[in-house]
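Visitor: I am new to this structure, and I would like a close look at a single part of it. Could you choose one helix and go through it slowly, together with the places around it?

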Amino acid sequence: MGLFGKKKEEKEACGCGCIGGCAAQDTSRGIFVLGGGCAKCNALEASVRAALAELGRQDSVGHVTDFAQIAALGVMSIPALLVDGRVLCSGRVLSKDEAKALLAAEKKA
């Protein structure tokens, strides 16, 4: 029971099992940048978007900022690039050409 007789709101567990509804995203399909939204994460996202544009692909790029979900994916250093559930790079910002090479190789696989 909370202050002044009001009952505390109880939060339900979300899909990832945490309390508080972190809005976990399905990262098994698609392209995601993992990180807290810092300048390095945003630079990686910009490089990936530029690489996709040069490859002529219209894929969307998601951004996962929930550190519990990032850790659950096995990533210990950010920023990281996740494509179809596989971590292609972590701990550094890729240049546009590096991102382009990784995305082109991933498309072939």
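Guide: Helices and strands are here DSSP runs, at least four residues long for a helix (H or I) and at least two for a strand (E), and they are numbered from the N terminus. The model you see is predicted. On that basis the protein has 3 helices and 4 strands, and from the N terminus on, the elements follow one another as β-α-β-α-β-β-α. Of the 109 residues in the protein, 30% are buried.

The part I suggest is helix 1, together with the loops that lead into and out of it. Gly37 belongs to the loop that joins strand 1 (31–34) to helix 1. A residue counts as partly exposed when its relative accessible area lies between the 20% below which it would be buried and the 50% above which it would be exposed, and Gly37, at 37% relative accessibility, therefore counts as partly exposed. In space, the C-alpha of Gly37 is 9.0 Å from that of Pro79, although 42 residues separate the two in sequence.

Helix 1 itself covers residues 39–55, which makes 17 residues, and spans 24 Å from its first C-alpha to its last, close to the 24 Å expected at 1.5 Å a residue. Ala39 is part of helix 1, and with a relative accessible area of 63% Ala39 is exposed. From Ala39, too, there is a link in space to Pro79: their C-alpha atoms are 9.6 Å apart, while the two residues are 40 residues apart along the chain.

Pro79 deserves a short detour. Its place is in the loop between helix 2 (67–72) and strand 3 (80–83), and the peptide bond that leads from Ile78 to Pro79 is cis, with omega near 0°. This is worth noticing because most peptide bonds are trans, just as most residues other than glycine have a negative phi.

Back on the helix, which residues of helix 1 are buried? They are Cys41, Leu44, Glu45, Ser47, Val48, Ala51 and Leu52. Because these residues cover an arc of only 160° around the axis, they lie on the same side of helix 1. On the face turned away from that buried side, helix 1 carries the exposed residues Ala39 and Ala53.

Leu44, a member of helix 1, can stand as an example of the buried side, because its relative accessible area is 0% and Leu44 is thus buried. The chain also brings another stretch to this place, for the C-alpha atoms of Leu44 and Val93 are separated by 5.1 Å, with their positions 49 residues apart along the chain.

Now we can leave the helix at its other end. Just after helix 1 comes Gly56, which takes a positive phi of about 75°. Arg57 lies in the loop that runs from helix 1 to strand 2 (61–64), and with a relative accessible area of 18%, below the 20% cut-off, Arg57 is buried. The side chain of Arg57 reaches the backbone oxygen of Leu103 at 3.3 Å.

Arg57 also leads us to the largest pocket. How many residues line the largest pocket? There are 11 of them, and Ile31, Arg57, Asp59, Val83 and Asp84 are those that lie nearest its centre. The volume of the largest pocket is about 160 Å³, and its lining consists of 4 nonpolar, 2 polar and 5 charged residues. Helix 3 (residues 96–108) gives the most to that lining, with 3 residues.

Asp84, another of the residues nearest the centre of the pocket, is found in the loop between strand 3 and strand 4 (86–90). Asp84 is not a glycine, and yet its phi is positive, at about 50°; its relative accessibility is 32%, so Asp84 counts as partly exposed.

To sum up the walk, helix 1 has its buried residues on the same side and exposed ones, Ala39 and Ala53, on the face turned away, and in the loop that follows helix 1 is Arg57, one of the residues nearest the centre of the largest pocket.

Notes. Residues numbered from 1 in each chain as written. Predicted model: local features only at pLDDT ≥ 70, side-chain atom pairs only at ≥ 80, totals over all residues. Heavy atoms only, no water. Expected span 1.5 Å × (residues − 1). Buried < 20%, exposed > 50% of the residue type's maximum accessible area, 1.4 Å probe, protein only. Arc of directions from axis to C-beta. 1 Å grid on protein atoms, 1.4 Å probe; cavity = no way out; pocket = protein on both sides within 12 Å on 5 of 7 lines; lining within 4 Å. Points joined across faces, edges and corners; volume = space filled by probe spheres on them. Nonpolar A, V, L, I, M, F, W, Y, C, P; charged D, E, K, R; others polar. Polar contact = N/O pair within 3.5 Å; in protein donor to acceptor, adjacent residues only side chain to side chain.
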